[in-house]
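Morning, everyone. I have a short tour of one structure for you today. Let's put it on the screen.

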Amino acid sequence: MAEPRPHSGRTTQEAARPLPDHVTTPLLSLITARSMDEDYAHVAQKRAAAGLEPAPGPPRPHWTSIAAVALLGVMAAVVAAQTDRQAPVNELSRAALVEQIERRSDTLEALQGQVGELTQSNAETAVTSTRTQGQLDDIQTRLRRIELVTGFSAARGPGVRLTVENRPDVDVNDEIRDEDLAFLVDGLFEAGAEAVAVNDQRINLLGGIRNTLRAIHVNGRPINPPYVISAIGDPQTLQARLLQTSQGQEWFNRVNFYGFVYDAENVDDIRLPAARERVLRDVIELNADPDGVQDGGGSAP
């Protein structure tokens, strides 16, 4: 009977022998390596079967690529150096910009203040302008009314038209004279007439009815009979009120005494021209400079 060989020697030899790679390599790495090796082997077998040369190994880095990488490194270093060199300059520029922004902000704030002041001033000016325009409108209204009453503006309205002339074959001494027409005109104003004209010559404060020999002049211009006296006023009462005035009664007394031809009619629309302006010779504005320089006071003549 043979004796069993001791197990201790085999155990020692097996322990001294290194373990294979598939035992010591991690399972995931082993699977990846073997799959890639198998893929490379499979591709090599297919190229060999097709009569092609084996696939070249991984490309070696080219000197151009190495130079490009080196150039990029140099450029990065230069940029970094410039950035570091420009840092103080950039800091100064930033401080200058901050200072400029603050200065401009102060200027903007001052301008906004001026805008506010100008806006308020404009509002006050608008109020003053509105008030002044109202005063100007009132003055213009008063001026037009004064020009209308004094005869220095054209007038239009209802009234009466009176036509007067001498009787036929009248004696020279019985002809209508300036004082006769003056009684009639004064009576019309007293009866309520607002504007009167004789043969389209507007009666005003600076005008008048005068005789020059046998001719009658109104505002310095001669007029011929028949004399047409146009008066703007209430046509319903103007003729009746003329009979109630002292001048009107004197006029009608002369009409009856000298036999003047007299005709009266109411007219719905009478247009009277403005009186001719005359230069003031002696009248000056109150408190005005005698040499013609006004001091802003006084009133219009």
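Start with the sheet. Five strands make an open sheet, and their order is E3-E2-E7-E1-E8. The pairing is antiparallel. At the edges sit strand E3, residues 201–202, and strand E8, residues 261–272. Each of these two pairs on one side only. Keep in mind that this is a predicted model.

Now take one pair from that sheet. Strand E1 covers residues 155–165, and E1 pairs with E8 in the antiparallel sense. How many bridges link E1 and E8? The count is 10. For a landmark, find Thr 163, which stands opposite Asp 263 in E8.

Follow the chain past E8. In the segment after E8 you meet Arg 276. Buried or exposed, where does Arg 276 fall? Arg 276 is partly exposed, because its relative accessible area is 41%, and the range for that label lies between 20% and 50%. Arg 276 also has company: together with Arg 221, Arg 278 and Arg 281, Arg 276 gathers in a patch of positive charge on the surface.

Next, the hairpin. E4 and E5 form a hairpin with two residues between them. In the turn, Leu 213 has a positive phi of about 55 degrees. E4 and E5, the latter being residues 215–218, run antiparallel and are joined by four bridges. Ile 209 stands opposite Val 218 in E5.

Last, look along E4, residues 209–212, where side chains alternate. Ile 209 and Asn 211 point to one face and are buried. Arg 210 and Thr 212 point to the other face and are not buried.

Terms used:
Residues numbered from 1 in each chain as written. Predicted model: local features only at pLDDT ≥ 70, side-chain atom pairs only at ≥ 80, totals over all residues. Heavy atoms only, no water. Pairing = 2+ DSSP bridges. Patch = residues over 30% accessible without salt bridge, like charges linked within 9 Å, V, L, I, M, F, W, Y side chains within 5 Å. Areas by Shrake-Rupley, 256 points an atom, 1.4 Å probe, with all protein chains shown as cover. Salt bridge = Lys/Arg side-chain N within 4 Å of Asp/Glu carboxyl O. Lys, Arg positive; Asp, Glu negative; His and termini not counted. Charge placed at Lys NZ, Arg CZ, Asp CG, Glu CD. Buried < 20%, exposed > 50% of the residue type's maximum accessible area, 1.4 Å probe, protein only.
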